[in-house]
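Okay, thanks for making the time, everyone. I'll put the structure up and then walk you through it piece by piece.

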2 protein chains.
Amino acid sequence: MRSGKSSQKVTIVDVAKRAGVSIKTVSRVLNSEPNVRSDTREKVLEAAKALHYQPNPSARGLAGNRSFSIGLLYENPQEFGYVKDALNGVIGTCEAEGYSLLMRPCGEEVDSEEVRKFVAQTRVDGAVLTAPVCDEPEVTDLLEELGVPFAQLAPKAPRSDWISVQCNDEEASYAMTEYLLSLGHRRIGFIKGHPDHGATEKRLAGYRRCLEDHDMPFDRALVIQGYFDFESGQRCARKLLDLQSPPSAIFASNDDMAAGVIFTARERGISVPGELSVAGFDDSPAASHTWPPLTTIKQPIVEMAAWATQRLIGRLRGASEEGDEETFTCELIPRQSTSSCEA
Amino acid sequence: MRSGKSSQKVTIVDVAKRAGVSIKTVSRVLNSEPNVRSDTREKVLEAAKALHYQPNPSARGLAGNRSFSIGLLYENPQEFGYVKDALNGVIGTCEAEGYSLLMRPCGEEVDSEEVRKFVAQTRVDGAVLTAPVCDEPEVTDLLEELGVPFAQLAPKAPRSDWISVQCNDEEASYAMTEYLLSLGHRRIGFIKGHPDHGATEKRLAGYRRCLEDHDMPFDRALVIQGYFDFESGQRCARKLLDLQSPPSAIFASNDDMAAGVIFTARERGISVPGELSVAGFDDSPAASHTWPPLTTIKQPIVEMAAWATQRLIGRLRGASEEGDEETFTCELIPRQSTSSCEA
DNA sequence: TTGTACGCGTTATCAG
DNA sequence: CTGATAACGCGTACAA
C-alpha cells in the first residue's frame, strides 16, 4: 500500500542512460577519479542531480569491500558532556565526508570480544576511540590485528603509527595553578582524575611543575585520587577539608568533581569563594550552573574530535600511512568560584 | 602489509561447504525460517560458529533491499541528559536485535530536505524520533511518503497509525503539585517547558487540574513560559520573584530550569528550601548535584526508548501494521529542595 | 525438506 | 579517456 521509496529506485544505470555514457564513467565521476573529460563530467553530474540519484551504500559496500562507516567507541558515563562533544565533532565530519557513524558504548572493563563482534558485524572502515578506551591494549591491538585504522582522542600514550589528538593539559593545568597562586593561595589542594585517563597524569604534572617553579612545597597530603565523577569530588573534598591545615583553594581535574567540592563546601557551611576557592577543568555546561560559577579550563573537544575524524577518513581514502599527532590549546576561563586569599 | 581481516573473509559459501549443505539452507537457518530439519540446523549453526561466520551487512542489505539500520533523529541540545537516555535505550535494543544505529541531529528548524537526504544516503529501515522532532509534520509526513516506519518518543499528538511512547506527565505533574500543596504552599509558581514539546502542555494541565481539585485559584501571573534550559529557568525565576506577592514554591517543568531557579535564588540571597521550595522534572544527574538536591520526577526514558525501538524493529520484521501506543509511569523523588511552608 | 540459478547496485579489471 | 563484463555475498523464486 505504500507509495514506495520513489527516489530510492534510481540507480547508476538510469544516470548512465540519461547522460549517454556507461555506468563506469558515472562511477568515475561520482568517486572523483581522474581521466574523465570535463564535459562528460558535467553531463553526468547534471543527470545525477536531475534524477536525485543517491548511490546505494549497500552496493557500494559490497563491491568496494568497505562500509563507508566508522565506529565511535566510548565509555558510557553518567555525565555525558565529554562524549557529547566528541560525538558532535565526529558526526560533523562524517556527514561532510559522506560517512556514517556507528556508536559503540564500552563498559569500564572493555571486552575485546565485544569489540571484535562489533567490527565483524558492522564492518566499520575505521574507529575513533575516546579516553580511556583509546588506551586499552586489548582494543588497540585488536583493531590493529583486524586492520581497522583508528584515531585516539586524548590518549595516555599516543601510538606513533596512528592518529591522535590531545590538548595541552599540562600547560593548562600549570596556568590554572599559577592563577591560583597569583590570587595569593599557598596551600592548593589537587584532585586527580580517573587513573585510566591519559589527561590525569598530565594535569597533575602541570600542577606540580608550577609549584616547583614557584618554589612552593609539593605536599602529598594535598593530592587526592578522584575518578572524574561528582561523588568522588565530594569524597575528596571531605578529605582535604578534614586536614589539620586545609587548603584555601582546591583545583579539581574536571568540572564534575569541582561541582562535588562546591556541594560539600555548601554542606559544611564553607563559603565559596570567600573561605575556599574552587577550580575545575572542561568548561562543561555544569560549570556555569553551579553557584558560584566555576573557574575552569575550556577544551576544544568538538574541534579535536572533528580533526581526528578528518585524518582518519583521509587515511581510509588512502592518504599517507604515517602517524599523525596534533595538540590543541585550552583556555582558562575565570569565573566567580575563585578569589584572592584572605589568609 | 596488513595481516588482513581474517575472519571477515568467511562467507556463506564456506559455511555451506563445511556443513555439507547448500547456501540456501544456511540462509534459512540464519534467518530462522521454517522448514529445516533440526539436525541440519544444528550442523549449520555449528559450522557457522566454528568459522566465526558473520554475515556481510552490505550483501544482506543489497540482496534484501534493507539496511538493518535505523536512525535516531534528535534535537542537539545543550543539556544532553534526555538524548543520552534515549540513545542508551535505543542502542541497547538495536544491539540485541542486530540492527545498527545512525544518529541524526536536527536543528531547531528541522529542514525536511536534510532528512530526505539522510534517508536517501543511509537507507535506514526505520527511525526513532525524539521530542520535539517527532511532532514536526515536515518530518513525519516525509517519512510516511518515503515509506520509512517510525516511532515517536514523547509526542504531542501520537499518530495513531504509528508507534509512540509517553509517560504519564499529567499525573506526575499533578502529584508534584499535590505534594507541594501538602507541604502547605498556597502560591506555587509554574515554569512551562518549550512550547514545541508535547510534555509541556500535559505538565501544565496536571498542575492546573490539581489546583482546581483542591479549590485553589489558578493565577495566570504564576505561570511563566520557559524553554527547558538553564537560562530560561533563571529568567522565569526572576519574574516570579519580582511579583508583588511572590510564590513560596516554584515547580519547573524540568531540572535544568529548576537549577536555574535555585541559582537565581542563591544570587538574591533567598534560601532554598527555607524561603523558597523548588521542584523539577526528569531526575537528570544535575538534579542530585544542585544544592540543595532537587525534588523531582523520574521518567523511565531508557525503558521508553527501548520499548519504542523494540516495536519499531518488530514492525520492520513484518509484525502487525497497527498503531501501537504505550504509557510509562513516572516516580516522584523527594529531596531537600522542598520543605513545608513557613508562611 | 533442500538446492540451483539469478538478481540486487556498485566497484574493479582490462581491453579498446 | 571510455566501456563491456566480471566480481562482491546474500536472499529468493522456482524447481526437485
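**Around the DNA, and inward from there**

So, let's start at DNA strand C: H4(A) makes the largest contribution to the surface near it, with five residues. Keep in mind that this is a predicted model. Around DNA strand C there are 25 residues, and the ones that come nearest are Ile12(A), Ser27(A), Ala59(A), Ala63(A) and Ser22(B). Both chains take part: H2 and H4 of chain A, and H2 and H4 of chain B, each supply at least two residues of that surface. By residue type, the surface near DNA strand C splits into twelve nonpolar, nine polar and four charged.

Now the other strand. Which helix gives the most to the surface near DNA strand D? That's H4(B), with five residues. In total 24 residues surround DNA strand D, and the closest are Ser22(A), Thr11(B), Ile12(B), Ala59(B) and Ala63(B). Helices H2 (23-30) and H4 (57-64), in chain A and in chain B, each put in at least two residues here. The breakdown for this surface is eleven nonpolar, nine polar and four charged.

Okay, let me stay with H4(A) for a minute. Its buried residues are Pro57(A), Ser58(A) and Gly61(A). They span an arc of only 100 degrees around the axis, so they sit on the same side of H4(A). And what do they pack against? The answer is in the other chain: H4 and helix H6 (112-122) of chain B. On the face of H4(A) turned away from that buried side you find Ala63(A) and Gly64(A), which are exposed. Ala63(A), you'll remember, was among the residues that come nearest to DNA strand C. Right after the helix comes Asn65(A), with a positive phi near 55 degrees.

That brings us to the interface between the protein chains. Here 41 residues of chain A are in contact with 41 residues of chain B. On the chain A side, the elements that each supply at least two residues are H4, helix H5 (81-97), strand S2 (100-106), helix H6 (112-122), helix H7 (137-146) and helix H11 (255-267). That side of chain A divides into 17 nonpolar, 17 polar and seven charged residues.

Next, a sheet in chain A. This one is open, has four strands in the order S7-S6-S8-S9, and pairs in parallel. Strand S7 (223-225) and strand S9 (277-279) are at the edges with a single partner strand each, so one side of each has no neighbour in the sheet. On average, neighbouring strands are turned by 15 degrees against each other, ignoring direction. There's a helix packed on this sheet too: H8 (169-182) of chain A touches S6, strand S8 (249-252) and S9, and its direction makes about 170 degrees with that of S8(A). If you want to look at one pairing closely, S6 (188-192) and S7 of chain A are parallel over three bridges, and Lys192(A) has Gln225(A) in S7(A) as its bridge partner.

Last stop, chain B. Strand S1 (69-75) runs parallel to S2(B), and seven bridges join them. Tyr74(B) is the residue opposite Pro105(B) in S2(B). Is strand S2 (100-106) of chain B mostly covered or mostly open? Mostly covered: six of its seven residues are buried.

That's my tour, so over to you.

Conventions:
Residues are numbered from 1 along each chain as its sequence is written. Chains are lettered from A and ligands numbered from 1 in the order in which they are written. This is a predicted model: local features need pLDDT of at least 70, side-chain atom pairs count only at pLDDT 80 or more; totals for chains, interfaces and linings use all residues. A residue is near a molecule or strand if its C-beta atom, placed from the backbone, lies within 6 Å of it. Ala, Val, Leu, Ile, Met, Phe, Trp, Tyr, Cys and Pro count as nonpolar, Asp, Glu, Lys and Arg as charged, and the others, Gly among them, as polar. Two residues are in contact if their C-beta atoms, placed from the backbone, lie within 7 Å. Two strands pair if DSSP finds at least two bridges between them. Axes are lines fitted to C-alpha atoms, for helices over the stretch in contact, and angles run from 0 to 180 degrees between N-to-C directions. A residue is buried if 20 or more other C-beta atoms lie within 10 Å of its own, exposed if 12 or fewer, and partly exposed in between; C-beta atoms are placed from the backbone. The arc is that of the directions from the helix axis to the C-beta atoms.
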